[in-house]
Amino acid sequence: MSVPGSFSVLRVLWLLSVFGTVLPLDGGMLFPQESSFREVKELNGLWDFRADGSPNRNEGFEKAWYKRRLTETGPVIEMPVPASYNDITQDPTLRDFIGWVWYEREVFVPARWISDEGTRVVLRVGSAHYYSIVWVNGEKVTEHEGGHLPFEAEISSLIRKEPTKPCRITIAVNNTLTLETLPPGTIQYMNDSSRYPDGFFVQNIDFDFFNYAGIHRSVLLYTTPKVHVDDISVETNFMDNTGLVRYKVSVQGGFNNTLNITLMDKDGHFVASSTGSSGGLKVVDVKLWWPYLMHENPGYLYSMKVRQHAHRHVGVFLQCDVYTLPVGIRTINVTNTQFLINNKPFYFHGVNKHEDSDIRGRGFDWPLIVKDFNLMKWLGVNSFRTSHYPYAEEILQMCDRHGIVVIDECPGVGIKDIRSFRNASLSHHLVVMDELVRRDKNHPSVVMWSVANEPASEMPPAEFYFKTLIEHTKALDQTRPVTYVTIAAADMDKGGPYVDVVCANSYFAWYFDQGRLDIIPLQLSTHFENWYRKYQRPIIQSEYGADAVPGLHMDPPMMFTEEYQNALLQSYHDVFDQKRNQYFVGELIWNFADFMTSQGIYRVVGNKKGIFTRQRQPKAAAFLLRKRYWRLANETGRLLPD
Ligand code: GCB
């Protein structure tokens, strides 16, 4: 977090110091973009696909399916990318499949990419759930653990080996979750032969969404010059009407470089420039990045153009690269009672979401994303939490442009088994935070990191685990607060002392005291008072809600009707309004839309706590919330006088 202080002191610190940021990962993960010196080729569409249904799910490796075309080693079906594979066919075995699935596609690489040795060709997967191994023309190029973050491999030399042939890309993806994965899970073999066939096993999970799998985001080939801009980090601040963008650029592939940095406003007019791999850009008459409904011109973005020239010798340029980063200038601060954006109190009136829809599962889908943004704006939503995993980068870019504030959550959901607090799990969790911060650090919309959702924080190892995790995340990024989302009772919580903001979930009159809406005011206020007394931190109601089956009505309200969902929300809102001017800084409804879960007696074809159906049609609660959010926007969102 930026600490309020004198601007001149800050300026000196900024300009003289390097970032106090830990960068444990090799290299950056800039979002691929086209420029005069970079090209992008999307490999989305139909891929050949086969699930390895062998008893040990290992036939693909034993028979080296990656060495030949997939069609030569067995039957294949057509599988769209990006999409979860689960709901694409009529086959329940594929919907519920656990183990390795294989994707393959051939692609012609433009001749210039092959002939020009100064061009670097990179294969990038936006995300694939959960563990992936990638081969190009039968040679392994990378593997990656984790279902929601991008990974890539340089394949320049490989594609130059056989320049006339198409390039065959094979990706094997395994959705198995274990005690050390994030989210964790366990595989349980059922050995009672009177009840289960030989080798029968199930995947146990402790989270409430379907474990969709496959290649969920775009697969791309992109180029950069050999000497290229590898990573950019920006931090912003302002004092009065002067803004400052502190930047750091890293270059890979060569030494003799010149870096020119130019900042332009939204209309492309020059604002400031600098040279060198780190420095500061002063912005006179700064236009700050404001959240939606907090300003008449939200989501203002400057463009920071990074131009890199590599020299052969003094004055002779060998190569150029250009990368343009959108930059929003804003600050985040947290006091004991407030969440401040640009030094003004910010009140979250928003939603929790899932990347989830019919047929596509968790697959990236532009029509769905744009529809969801339109619905959020219609509702008067100014924020959401990426429950319970990082969302696609394109979604965060939209948030930057529209001024929608994001609590960026990692996939640390369902950490309930004490064995998932061991070192192997913690090490992986730290790497996931490294990858998440590396990917999302420059988005102005991201205002807080959430390292987990509802872990078993009362367990003895939780304190060390969360202390380490939160301190690590704060070291990675000193500009944003860190939280984890809790449901534990205040006195049982071991990680609480380390969070900057308390994010608390509760389901009064739903999971407890079922049907008793009358207990909400007492239980909810007691809950808040306990949290605040204990931690003296601002509190966000990070989840609350009730299932409603659309079209089910009953008055007086009963559980699962639209009336009950409405009445429950209304009781929560009454308490929120009492605490709003004290330490209560936000409310995020569970959930924006109905979503798929695994099958079980508590779920009727998925979780129905959406205020929209899975097809994005409003339930009665959507209208209730819309009225409230627009009222809140008027009461809390306008710019308050200094
Ligand atoms: C929670 C979880 C969320 C569930 C929700 C529910 O506390 O964080 O993943 O879907 O409750 O509906 O039970």
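Trainee: How many of the 10 residues of helix α7 are buried?

Mentor: Keep in mind that this is a predicted model. Helix α7 covers residues 393-402 and is mostly covered. Among its buried residues are Glu 393, Ile 395 and Met 398. The count for the helix is 7 of 10.

Trainee: And what covers the buried residues of α7?

Mentor: Both helices and strands take part. The cover includes the helices α6 (366-379) and α8 (423-440). It also includes the strands β5 (119-125), β26 (383-385), β27 (405-409) and β28 (446-453).

Trainee: Which residue just after α7 takes a positive phi?

Mentor: Look right past the end of the helix, which runs over residues 393-402. The phi there is about 80°, and the residue is Gly 403.

Trainee: Which residues have a positive phi although they are not glycines?

Mentor: One sits in the loop between β15 (228-239) and β16 (242-252), and that one is Asp 240. Another place to look is the loop between α10 (520-535) and β31 (539-543). Phi is about 50° for Asp 240, and about 50° for Gln 536.

Trainee: Is Asp 240 buried or exposed?

Mentor: The cut-off for exposed is over 50% relative accessible area. Asp 240 has 68%, so it counts as exposed. Gln 536 has 35% and counts as partly exposed. For Asp 240, then, the word is exposed.

Trainee: Where are the cis peptide bonds at Pro 82 and Tyr 130?

Mentor: Pro 82 lies in the loop between β3 (77-81) and α3 (92-95), while Tyr 130 lies in the loop between β6 (128-129) and β7 (131-136). Omega is about 0° for the bond at Pro 82, and near 10° for the bond at Tyr 130. The bonds join Val 81 to Pro 82, and His 129 to Tyr 130.

Trainee: How many residues does the largest nonpolar core have?

Mentor: Among the residues with the most contacts inside this core are Phe 384, Val 451 and Phe 466. Val 451 touches Phe 466, Leu 469 and Ile 470, among others. A second, separate core has 44 residues, including Val 249 and Tyr 323. The largest core has 91 residues.

Trainee: Why does Phe 592 count as buried?

Mentor: Phe 592 is found in the loop between β32 (584-589) and α12 (620-637). Its contacts include Val 351, Leu 375, Met 376, Ile 611 and Phe 612. Buried means under 20% relative accessible area. Phe 592 counts as buried because its relative accessibility is 1%.

Trainee: Which residues are closest to the ligand?

Mentor: The shell around the ligand has 4 nonpolar, 4 polar and 5 charged residues. That makes 13 residues surrounding the ligand. The closest are Asp 208, His 388, Glu 454, Tyr 511 and Lys 609.

Trainee: How much of the ligand does the protein bury?

Mentor: Start with oxygen atoms of the ligand and side-chain N or O atoms. Such a pair is 3.2 Å apart at Arg 603, 2.8 Å apart at Asn 607, and 2.6 Å apart at Lys 609. Taken alone the ligand exposes 320 Å², and the part of that buried by the protein is 92%.

Methods
Residues numbered from 1 in each chain as written. Predicted model: local features only at pLDDT ≥ 70, side-chain atom pairs only at ≥ 80, totals over all residues. Heavy atoms only, no water. Near = heavy atom within 4 Å. Polar contact = N/O pair within 3.5 Å; in protein donor to acceptor, adjacent residues only side chain to side chain. Areas by Shrake-Rupley, 256 points an atom, 1.4 Å probe, with all protein chains shown as cover. Nonpolar A, V, L, I, M, F, W, Y, C, P; charged D, E, K, R; others polar. Core = buried A, V, L, I, M, F, W, Y, C linked by side-chain atoms within 4.5 Å. Buried < 20%, exposed > 50% of the residue type's maximum accessible area, 1.4 Å probe, protein only. Contact = heavy atoms within 4.5 Å. Helix = DSSP H or I, 4+ residues; strand = E, 2+ residues; numbered from the N terminus. Lists of a residue's contacts leave out its neighbours within four places in sequence.
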